[in-house]
Structures are given as structure tokens and as C-alpha cells.
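Got your viewer open? Let's take a walk through this structure, one selection at a time.

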Amino acid sequence: MTVREGSCRCGNVRFRVAGEPLRVGICHCTDCRRESGSAFAFFGIWPASAFEGHGETVDYAERRFCPACGSRLFSLNDEEAEIKLGSLTDAPSGLAPSYELWTKRRETWLAALPGTEQFDEDRVSPPA
Ligand SMILES: [Zn+2]
Ligand SMILES: [Zn+2]
């Protein structure tokens, strides 16, 4: 089984995820922009059971980061672990997004990634 390792910039927090992600995406929303100080967030979702982490983190709005170096790392709940893929050790990660969120906030100089599902805002299930 593939195991990917990651860490914050200073190395106080380390984690690993086992197996392939359930899905990989990019988000252009204003929260992701502010948190990252960049144009978008690149993330992957794994089942919570695939995640193992070590080291102290603090959270804001359920998004965990390293208190020493400020690197954004992951969000955890009972079902899923959302990993900020820039924190993986391997660069490039070998993972590619299948969808984009909040495309209405995408920088005008960025084009839609070919072959990805596009959402104006959050990912939604089709209406019943
Ligand atoms: Zn750190
Ligand atoms: Zn976002």
C-alpha cells in the first residue's frame, strides 16, 4: 500500500497517510486564500483511519497548523482527514486534482484545469 509522509516546515509535526486519497481538489475560496496567503489551496481527502500524526498542532476553525512555524497541515473529523498537499514530503506529490471549488474566486490569470469538475462555490450533490 502506498504510504505518503508529510510535515510542517520546521519538522515538529509529522504525519502519514496510507492508501490513495478518496478525492483531490483545489479551492479558491476567500478562507483558503487568506489562510494560505496564496491564490488557492491544494488538498486531498483520505478516510480518517488512513491518517496518523505526531507533534503538537493548534487549530483555527478546525484547520490545524504548527504553532512553531505556522505551516498549515490538515483538518480531521471522525470520518475524513483533509491534508494540505503542499505539506507532503514528496514534491511534486504525484497527485492531481479532479475538481475545483469556488471558481468564481479564481484569479483571472488562472485557467480551469482541463478535465476537472468545476464548482462555482462549494461541492454540492445534484438536487434531488
Ligand atoms: Zn512546524
Ligand atoms: Zn476554500
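Start with two cysteines: select Cys27 and Cys32, and you'll find that both are buried. Keep in mind throughout that you're looking at a predicted model.

**Stop 1: the zinc ion**

Now add the zinc ion (ligand 2) to your selection. Which residues hold on to the zinc ion? Show the side chains of Cys27, Cys29 and Cys32: their SG atoms coordinate the zinc ion at 2.2 to 2.3 Å. If you've got the sequence panel open, look at how these donors are spaced along it: the pattern reads C-x1-C-x2-C.

**Stop 2: across from Cys27**

Stay with Cys27 for a moment, and bring up its neighbour in the sheet. Opposite Cys27 you'll see Leu101, which belongs to β10. Zoom out a little to take in the pairing of β3 with β10: these two strands run parallel and are joined by 3 bridges.

Next, colour β3 (23-27) by itself. Is β3 largely enclosed or left open? Of its 5 residues, 4 are buried, so the rest of the structure largely encloses this strand. Then look to β4 (41-47), which pairs with β3 in the antiparallel sense, over 5 bridges. To see one of the matched pairs, select Gly25 and its bridge partner in β4, Phe43.

**Stop 3: the whole eight-strand sheet**

Time to pull back. Show the strands as a cartoon and trace the order β6-β7-β8-β9-β4-β3-β10-β11: that's an open sheet of 8 strands with mixed pairing. Which strands stand at its edges? They are β6 (58-60) and β11 (117-118); each has a single partner strand, so one side of each is left without a neighbour in the sheet.

Go to the β11 end. Here β10 and β11 run parallel, joined by 2 bridges. Select Tyr99 and you'll find Glu117 of β11 standing opposite.

Now move back along the sheet to β4 and β9. They are antiparallel and share 5 bridges. Pick Ile45, then look across to its bridge partner in β9, Glu82. Hold on to both of those residues, as they'll come up again shortly.

On to β8 and β9, another antiparallel pairing, this one over 3 bridges. Follow the chain from strand to strand here: the two form a hairpin, with 3 residues between them. Leu76 is a good one to click on, with Ala81 in β9 as its bridge partner.

**Stop 4: the largest pocket**

Switch on a surface and look for the largest pocket, which holds about 460 Å³ of space. Its lining is made up of 21 residues, and the ones nearest its centre are Phe43, Ile45, Arg63, Ser75 and Glu82. Colour the elements that give two or more residues to this lining: β3 (23-27), α1 (30-36), β4 (41-47), β8 (72-76), β9 (80-84) and β10 (99-101). The largest share comes from β9, with 3 residues. Try colouring the lining by class, too: you should get 11 nonpolar, 2 polar and 8 charged residues.

**Stop 5: the second largest pocket**

The second largest pocket has a volume of about 210 Å³. To centre your view on it, select Ser36, Arg72, Lys84, Gly86 and Ser87, which lie nearest its centre among the 15 residues of the lining. By class, this lining splits into 6 nonpolar, 6 polar and 3 charged residues.

While you're here, click on Gly86, in the loop between β9 and β10. Is Gly86 buried or exposed? It's exposed, with a relative accessible area of 76%. Try your distance tool on Gly86 and Leu73: they're 13 residues apart in sequence, and their C-alpha atoms are 8.5 Å apart in space.

**Stop 6: the three-strand sheet**

One more sheet to visit. Select β1, β2 and β5, and you have an open sheet of 3 strands in the order β1-β2-β5, with antiparallel pairing. Its edge strands are β1 (3-7) and β5 (51-54), each pairing on one side only. Turn the view to catch the twist, which averages 15° from one strand to the next.

Finish by zooming in on β1 and β2 (residues 14-18), which run antiparallel and are joined by 5 bridges. Your last selection is Arg4 together with Val17, its bridge partner in β2.

Terms used
Residues numbered from 1 in each chain as written. Chains lettered and ligands numbered in written order. Predicted model: local features only at pLDDT ≥ 70, side-chain atom pairs only at ≥ 80, totals over all residues. Heavy atoms only, no water. 1 Å grid on protein atoms, 1.4 Å probe; cavity = no way out; pocket = protein on both sides within 12 Å on 5 of 7 lines; lining within 4 Å. Points joined across faces, edges and corners; volume = space filled by probe spheres on them. Nonpolar A, V, L, I, M, F, W, Y, C, P; charged D, E, K, R; others polar. Pairing = 2+ DSSP bridges. Axes fitted to C-alpha atoms, helices over the stretch in contact; angles between N-to-C directions. Donors = N, O, S within 2.8 Å, 3.2 Å for Na, K, Ca; no water. Buried < 20%, exposed > 50% of the residue type's maximum accessible area, 1.4 Å probe, protein only.
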